Every structure is written in structure tokens, then in C-alpha cells.
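Visitor: I'm new here, and I'd like to know where the labels come from. Could you walk me through the reasoning?

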Amino acid sequence: LPSVNESTETSGPVRYSSIIVQEREKSGSFDISYPNLRRLVMAINLVRLRSPHHPVVFTERQKEQLERMTLCKLAHYIAIQCERRCGILFCNEDILFLTVWIAGCRSIISYSQMHNRANYFTHYDIAAGLMESLCRINHFKKIGQDNVLIEDLALHFIPMFTRVEYKIILPMNNNFVKRVCSGGLELSVQTALYLKEHHQITLNEDEIIYLIYLISPAYGRYRPLVRKRRILIISDISVNVGNTLAERFMRNFSAYIESIQVVELYDLKKFDLSEVDLIYTTVNQKYFRNLSLKIPVVEIRNFFTEKDKNMIRNYLISAEDHFTEMKRIFSSRTFFSGIQARTKQELLERAAELLQQAMPLDDQFGSDLMCRNQICSAEMGENMARMRTLRSHGPDTFIAVFVLEKPMIWDLESVQILFIWHHGTDPRHHVYEESGYIGNILKTAFAYGEGAIQLLQNPTRDCLEMILKQAVGEIKSLQIR
């Protein structure tokens, strides 16, 4: 940030900003961001407005710790300039108070400096243990090897734990962040539970939302899992032309193909089709009608246009398989309509009771929902709330849907549909969770309120199935592009 001339310092915040920036420039070791500058200006204002008869109270141990910090020197220099240029008197406790605020914004220190701090490795160990725990809970195996995420968390745990210790509020736009970062929200909530259980550190909701900014990018570092296909190519000209087609397939669609073979049409009856998922052919489909094949046959041209490529990917991604999986996860056993509840507590208790009757869940399922709600509020949408359990309580992965008779107030928003997502212990169901596919389906189906409106007008399992089928088609077309 540029320095501010003395002549332009007309308002208090401008003068305070100028002092902080100039002292930072003198030290030569800080790279301060605008949000952190605003927080430090707010700290100076708090000192200015505080009554001298009500000083900030620190224990002797806290004073000793803060005075040993190098940041205390910066706070002392800022205090001297504030007294000289603004007439604000800082007592010793005020300087310590400002030190705490600077420590709470410690991300203003460069990464190289933070790596050199003695307590960096302690926080790195905490982050590594956290990743190991998240792997077990979410079946998201790749995240445990994400060293970038572990380092990011270790660096940001340093100022975060300082803010928690001294109760510094970090205001975040919670509802907006929760709407756009669903996967990161659940991992952030599980992070808060881990820190509380293993390190006795209790994060407030603002800090949990702050974690989303660190965790969400991890999802983008991994390609979603896809089921690879075994392809058979049939050319209307010759096997050599078919081999050329096969090479073109591997060049454009290798991420979706497990194996590819070429055969002539007149040899098809002798060919073992048990190891084939899809047939792509340049032969007119009418010649296949009398063969009674149970495998999809897709007619293509020898030279691909962009439209042809989209169509080929369409079948390789196989939306029908995804929809079958969606029908299993959104089981009729976990769809409930006509629910009566006036409060969030009442709704969660009723939901736990119904699910424990319908599914093989242990006795801790209800307390898990309550604990999840206490740590951080649910992800909100138009007329809906969505939350995931903190742990697995049974073998099945499912998403339960509760449609209320009347809307209720949930964290100052109107809610009439509740989704509860349970992670099962059965490893056969983990592939869709790890790829993020289920979360994308939910977001696509109910992002703009249209899906919720349809479901409220017709609160039946068939209507939900129709909404999901439309969403699967949209997800498929997004992947094609």
C-alpha cells in the first residue's frame, strides 16, 4: 500500500493506516493486506475509545509471552507514532493488546518467515494429523497426500490459534461462502471437531468459514474419478481404418477408456462381447437390429467434428449409470414428507428418530446430528438446508430428504426441505463421494430454487427422481464441455 502524506491525513483511520504502513516499511519484513490493515486500524480505534479506568487485563503468563514476541516491538513503534501524531496514549496493556491483534493477522508475514518460525513445525504436525483423520472420515484418500494443503493449514493455524486464544473476531460473509463451497464446509466442520477433541481448541463459526478458503482448492487439484470403458470399434471399410479410429479415440478420450479393440462386422457373431461395454461403429445401425445385442451401439463418422466428440463423451461418461447410483443414494426408505416441526432442534430430533427406524444406524446418530449443528450451521439454499454427519454410523451411504408441511425459520432463513447426507462404511459407495459427484448433483438440482419449488408443489419420491434425472443430464453436459 502506498504511504499517505501528512497533509492528506484528515481522518483518524487514514492517519492510523499511514502509521501502520510506514512502520511496516521501516521493519521491511511485512506484506500487509488491505483486510488486515482494516483490522489493525480497528484495534487502534478500540484503544482510543477505551476508558482509561477499564484497561485490558492480561495474566502475568500472557504478559511474559507477549513481551517476548518480536511483534511486540512493532506494536510499540506504532503506539509511539499514534501518541505523537494522533494524541492517543497507549499504556503497557494497550501495547500488548495491539500485539495480540498483529499476531491474529500474522498472515501479513511472508511465507518464508513463517516457515522459519519455531512453532511452524508444531502446527505442521497438527495439520498432518488432521489430514489423516479427514481421510478416514470422508474416504477422500487423495487429500491425505496433499502436501500443499497441509502446509497451507500449518501456516494459517498460527494466526488462527492466536485469534482463538484472545477471542479476536474474524468477520466473514458466512451465508455466501456456505452457498458456494459445500464440500469445503463439511471438511471445515470436521476440522473444527478434530481440533476440539484432540487439541482442545474451539473454533467459532467465522474461523470455520475461514478454513473453507484453504480447503476448497484441494478439490480442484484432483481430477474427478470416472468409470473407464471397454470399447469395441467396428469399421464399415476395413480393420485398418478401424485401427485408425481406435488411435483417434485414444488421442481424444484416453481418460475414459480402459481398453479398445477392433473387429469387422462379419466377425462380430464370433466375438466375445462379455468384455465390452460400448460399441462404436461407422456401420449403419440397421444392420445390428437382428443381432439382439445388450450393449449400446453408437454410430459415428470416420472424421470427428466437435459435435461428434461431445456425443462420444456423452456415452463414455454414461449418465445412466450415474442416475442408477443416484436412485440408490436417494432411496425411497429415506424420503419423508408431511413432517411437522417448529424449531431446528425439533426437526433434527424427528429426523434422527425416523432414520434410525428406516436404516441400520447406531445409537450415536442423533447426537452426531446435534453436535454437527452446534459446531456450525447447515449449508443454506432456496427453501432448503443441507448438512452431513460428522462420522459414519452404518454401512449405507444415503441422502435423506425431509419435506415439511410448513416452512420454519432456520438461522434467520426460511426452510421447508432438509437434506441429511450420511457417509457409509461400505467401500463400494465411496467412489461417488471421492469424485464430488453427489455434491455437484445436489447443487445443480437445487441451486436456484427451481428444484425446491417443484418438490414442494409435489412432495413425492417420483418428483424427486425426476428432478435428479434432469440434474444428472446437466452435470453430464457440463463434463462434456
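Visitor: What makes Gln200 exposed?

Guide: In this predicted model, Gln200 has a relative accessible area of 62%. The label "exposed" needs over 50%, so Gln200 earns it.

Visitor: Where is Gln200 found?

Guide: Gln200 is in the loop between α10 (182-199) and α11 (205-220). There's a backbone detail too: Gln200 has a positive phi of about 55° although it is not a glycine.

Visitor: Why is Tyr120 called buried?

Guide: Its relative accessibility is 3%. Buried means under 20%, so Tyr120 counts as buried. Tyr120 is found in helix α7, which covers residues 120-138.

Visitor: And how much of the protein chain is made up of buried residues?

Guide: Buried residues make up 52% of the 481 residues. The secondary structure of that chain comes to 20 helices and 9 strands.

Visitor: How do you know that helix α4 has a span close to the expected one?

Guide: Helix α4 runs over residues 71-86, which is 16 residues. The expected span is 1.5 Å times one less than the number of residues, and that comes to 22 Å for α4. From first C-alpha to last, α4 reaches 22 Å, so the two agree closely. Buried residues in α4 include Leu71, Leu74, Ile78 and Cys82. Just after α4, Gly87 takes a positive phi of about 75°.

Visitor: What makes Phe249 and Tyr280 a tilted aromatic pair?

Guide: The structure holds 4 aromatic pairs. For Phe249 and Tyr280, the ring centres are 4.9 Å apart, with 55° between the planes. Rings pair if their centres lie within 6.5 Å, and planes that are neither under 30 degrees nor over 60 degrees apart count as tilted. Both values fit, so this pair is tilted. Phe249 lies in helix α12 (residues 239-253) and Tyr280 in strand β3 (residues 278-281), so the pair ties together parts that are 31 residues apart in sequence. At 0% relative accessibility, Phe249 counts as buried, and Tyr280 is buried with a relative accessible area of 0%.

Visitor: Why is the pair of Phe336 and Phe402 called stacked?

Guide: Their planes are 10° apart, and the centres are 5.0 Å apart. Stacked asks for planes under 30 degrees apart, so the word applies to Phe336 and Phe402. Phe336 sits in strand β5 (residues 335-339) and Phe402 in strand β8 (residues 398-410), so this pair ties together parts that are 66 residues apart in sequence. Phe336 and Phe402 are both buried.

Visitor: How do you know that the charged end of Arg388 sits over the ring of Trp421?

Guide: It is 4.0 Å from the centre of the Trp421 ring. The distance cut-off is 6 Å, alongside a limit of 35 degrees from the ring normal. The distance passes, and the contact is listed as sitting over the ring.

Visitor: Which residues touch the most other members of the largest nonpolar core?

Guide: Leu153, Phe157, Leu195, Leu203, Leu211 and Ile375 do, in a core of 35 residues. The largest share, 9 residues, comes from α8. Leaving aside residues up to four places away in sequence, Leu211 touches Leu153, Phe157, Met160, Ser188, Thr191 and Leu203. Apart from that core lies another, of 27 residues, among them Phe336, Ile339, Trp410 and Ile420.

Technical notes:
Residues are numbered from 1 along each chain as its sequence is written. This is a predicted model: local features need pLDDT of at least 70, side-chain atom pairs count only at pLDDT 80 or more; totals for chains, interfaces and linings use all residues. Side-chain values use heavy atoms; hydrogens and water are left out. Helices (H or I, at least four residues) and strands (E, at least two) are DSSP runs, numbered from the N terminus. Buried means under 20% relative accessible area, exposed over 50%, partly exposed in between (1.4 Å probe, protein chains only). Rings of Phe, Tyr and Trp (its six-membered ring) pair if their centres lie within 6.5 Å; planes under 30 degrees apart count as stacked, over 60 as edge-to-face and the rest as tilted. A nonpolar core is a set of buried Ala, Val, Leu, Ile, Met, Phe, Trp, Tyr and Cys residues joined through side-chain atoms within 4.5 Å. Contact means heavy atoms within 4.5 Å.
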